[in-house]
Every structure is written in structure tokens, then in C-alpha cells.
Amino acid sequence: MQDLKSLNRLIDAFEHLPSVGHKSAERMAYAVLNMDIEVTDEFAEAIKDIKRKVHQCPICGLYTEDEKCEICSDTSRDHHTIIVLSYPKDVYSFEKIGKYHGVYHVLNGTISAIKGIGVEDLNINSLIKRIEKEDIHEVIIATDPTVEGETTALYIAKLLEGRKVNVTRLAYGLPMGGHLDYADALTIAKALEGRKKI
């Protein structure tokens, strides 16, 4: 049977997406092959558009189509409090709850020796500049509770020691509706450390 080079190229392209293996990429490619030309044109244009128009905010690192993101531009937000996150998509978790009215800073990853990501690869220098320039009172570190997230959080906390800024870490532990007998020892230990008066 003849090898369809353009189909194989599309399968290879889909395999670049996270969590997409060869079989899933193959199914997607065949789905595209069965679409109307108008739909595939729109699909291709949408991909080109996102690469042309969307960029990271030069202040915080969030994605935006404007010169700077709507959060950095919003004067009604508390610009003295920053939540430090690993990735731009993490911001939406906080924005969904609607209880935080400060600003954000995206690191674009976490320190990871295994992946070869060092301090110089992260957006940390611009965080320090923001703290000095923008009169920041509190930095809330919200990296994931993983080895890499903890390493990054500790590095930033150490870096900010001696500066006139309050550095806090998101509390973590037992989830609402969870049961103690299902929780692992580390989760219970962290919940105990993060306890508060009621």
C-alpha cells in the first residue's frame, strides 16, 4: 500500500502535543482528513493566529494579545501582592475562585535537575526586579507540591531573605471531602504543619 506522506506528516505533528501517542495522533489525522476544507482551513488559521497574536506579558509572563495582560493593566487590583506560579495556565485556577485580587508572576517552569532546568532558565530575575520596583509587600509562592516545586519555592524564599517583603507559601494538605484513611503520610504531615486556629 502506498505511503501517504502528507498524512504521516500530520500524524507526526499531532504527536508533538502532550499526552498524544501514535494511535491518538493517527485518529486525529484521519478525523482531519474527513473534515470539510472550510473546517480544516479554519483549524489551520486558528493555529497560525495563536502563534502570531498571543505572547507573554512582559511584566508577569501571562499570555495576552495586548501589549501587557489585563491583570497587570487593571488598576483596581492589589499590585502590592504577587502570586508566583510555575505556568501561565495555573493563573486560571485562582481567577476561577474570584477571591484573589492581586497580581501574578509566571516562572515558566520549576527547577529540575532531571529535565536540565536551572535557575537561569526561569523567570526569577524579573521577579526580583518587580519586587524592588513595584513596592511589593507579599510574595505568595504557589508552585506545585512536588520535589521540583518545593525546590523552586525554597530557592525563591532564600533569595528574598532580608528584603522588605513577606514571603508565604500556599497551604496544602487534606482536600475538602477527603478521608484521613485515604491520605498518605506526607499529605497528613503537611496538613498538620499548615493547621490554623478556628
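**Salt bridges in a predicted model**

Let me start with Lys 53, which is partly exposed, at 42% relative accessibility. Before going on: what we are looking at is a predicted model.

The partner of Lys 53 is Asp 49, and the closest N and O atoms of this salt bridge are 3.5 Å apart. Both residues sit in helix α3, residues 37-53, with a spacing of four residues, about one turn of the helix. Asp 49 is partly exposed as well, at 26% relative accessibility.

Next, helix α2. Here Lys 23 and Glu 26 form a salt bridge, with an N to O distance of 3.7 Å. They are three residues apart in this helix, residues 22-33, so about one helical turn separates them. Which of the two is exposed? Lys 23 is, with a relative accessible area of 56%. Glu 26 counts as partly exposed at 25%, because the class called buried is kept for values under 20%.

The third pair is Glu 150 with Arg 169, at 2.7 Å, N to O. This one links distant parts of the chain, 19 residues apart: Glu 150 belongs to helix α7, residues 147-159, and Arg 169 to strand β6, residues 166-169. Glu 150 has a relative accessible area of 21%, which makes it partly exposed. Arg 169 is also partly exposed, at 26%.

Back to helix α3 for one last item. Which residues are joined into one network by salt bridges that share partners? They are Glu 45, Asp 49, Arg 52 and Lys 53.

As for the total, the count for this model is 10 salt bridges. That's what I have.

Conventions:
Residues are numbered from 1 along each chain as its sequence is written. This is a predicted model: local features need pLDDT of at least 70, side-chain atom pairs count only at pLDDT 80 or more; totals for chains, interfaces and linings use all residues. Side-chain values use heavy atoms; hydrogens and water are left out. A salt bridge is a side-chain nitrogen of Lys or Arg within 4 Å of a carboxyl oxygen of Asp or Glu. Helices (H or I, at least four residues) and strands (E, at least two) are DSSP runs, numbered from the N terminus. Buried means under 20% relative accessible area, exposed over 50%, partly exposed in between (1.4 Å probe, protein chains only).
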